[in-house]
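Here are my notes after going through the model, as numbered points. Have the structure open while you read.

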Amino acid sequence: MIAAILVGTFCVTVCAAEEARPDAKRAFGYLAQICRIGPRISGSRGMMRQQQLIGKHFAAFDCEVKYQPFDVRHPLTGNPVRMNNIIISWNPEVKERLLLCCHYDTRPLPDRDRDANQRQQGVFLGANDGASGVALFMELAHHMKNLPATCGVDFVIFDGEELVYGNRGEYFLGSTHFAENYRDHPTEQRYTAGVLVDMVADRNLRIYMEKNSLKYAPDVTKSIWKSAEQVGVDEFVPRAKHEVRDDHLPLNEIAKIPTCDIIDFDYPYWHTTRDVPNSCSGKSLAKVAKVLLHWLRTYPVAQPPAK
């Protein structure tokens, strides 16, 4: 009988571990599904279709989904463009919260492509630069129920990260709007730390510590790479390499939320027509998901909010 109990306990433990493991195939399926929409430029029909896809996906989980609309002027026409940040809250009653964020718009053109014609009129699908963060969050949704009820987490998906045509337009529109709103309209709920993910599906994943992250959020950054070490994800390399301007800058500089950028900036197809699903890997998404889930479980204990 004792042997039977031990076997049963072992089976339950293993099954639970299997259930909690991020699913690489499913994550890649989400990325491919997003890319089938086509380009998802801010204000476009493709972006609206993506918003519907995201809303439908998260409606199936125990979370709150809110939209943060705002308008900007189109850099070429001057016409108004309706933007929407999407905020997905887990355990929304918790006051001290963690922030995970990404962007979901695609750059209008593949302006770093080798082919000059493609740079002017080619299709930029944004599988890694745009879809990967959203696909990652869609996969994480399956695992958030396993976090403690005391762990308050918001996924924030930014619009307008790169509504830019050559040298016309501004970056970080959605994250800047979010950061200014957070600063100017404080509530009881506050973020103790943030993590931005961008280009996390490279087949040859290699993620170094980003220099602005170490400047503004050294403790958060080091805790992420510590989590990677603890769960055995060697693709997180614990040394600095790139200095990247990204959506984490408004969060750090305006909102004063210490935020780290997880980004594989050695991706060879950045801003080219070859940033397509075949250049990406579900295994890479699953590895980043594994690190983030461990970090969400451990960071509030290791790094309690300052009183």
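1. Start with the meeting of H2 and H5. On the H2 side you'll find Arg26, Ala27, Tyr30, Leu31, Gln33, Ile34 and Cys35, and they meet Ala127, Ala131, Ser132, Val134, Ala135, Met138 and Glu139 of H5. Sorted by class, this contact has ten nonpolar, two polar and two charged residues. Bear in mind for this and every point below that the model is predicted.

2. Now the geometry of that pair. H2 covers residues 24-35, and its axis runs 8 Å from that of H5, at an angle of about 130 degrees. An angle of that value makes H2 oblique to H5. As for handedness, the crossing of H2 past H5 is right-handed.

3. H5 (residues 127-140) also packs with H3 (residues 45-58); here the axes are 10 Å apart and the angle is about 15 degrees. The angle is under 35 degrees, so H3 counts as roughly parallel to H5. This crossing is left-handed.

4. Which residues make the contact between H3 and H5? From H3 come Gln50, Leu53, Ile54, His57 and Phe58, while H5 brings Val134, Phe137 and Met138. The split is six nonpolar and two polar, with no charged residues. Val134 and Met138 deserve a second look: they are listed in the contact with H3 and also in the one with H2.

5. On to the open space. The largest pocket has a volume of about 340 Å³. It is lined by 18 residues, and the closest to its centre are Lys66, Asp154, Thr187, Gln189 and Tyr191. The lining is mixed in class, with seven nonpolar, six polar and five charged residues.

6. Where does that lining come from? At least two residues each are supplied by strand E1 (64-73), strand E2 (80-90), helix H6 (173-184) and strand E7 (190-198). E1 gives the largest share, with four residues.

7. Last, the enclosed space. How many cavities of 30 Å³ or more does the structure hold? There is one, and the space in this largest cavity comes to about 50 Å³. Its lining is made up of Arg206, Ile207, Tyr208, Met209, Glu210, His242, Val244, Ile263, Asp264, Phe265 and Asp266. Strand E8 (residues 207-209) provides the largest share, three residues. By class, the lining of the largest cavity divides into six nonpolar, one polar and four charged.

Methods: Residues are numbered from 1 along each chain as its sequence is written. This is a predicted model: local features need pLDDT of at least 70, side-chain atom pairs count only at pLDDT 80 or more; totals for chains, interfaces and linings use all residues. Side-chain values use heavy atoms; hydrogens and water are left out. On a 1 Å grid over the protein atoms alone, a cavity is a set of points where a 1.4 Å probe fits but cannot get out, and a pocket is an open set with protein on both sides within 12 Å along at least five of seven lines; lining residues have an atom within 4 Å of a point. Grid points are joined across faces, edges and corners, and a volume is the space filled by probe spheres set on the points. Ala, Val, Leu, Ile, Met, Phe, Trp, Tyr, Cys and Pro count as nonpolar, Asp, Glu, Lys and Arg as charged, and the others, Gly among them, as polar. Axes are lines fitted to C-alpha atoms, for helices over the stretch in contact, and angles run from 0 to 180 degrees between N-to-C directions. Angles under 35 degrees count as roughly parallel, over 145 as roughly antiparallel, 65 to 115 as roughly perpendicular and the rest as oblique. A crossing is left-handed if the near helix is turned anticlockwise from the far one by less than a right angle, and right-handed if clockwise. Contact means heavy atoms within 4.5 Å.
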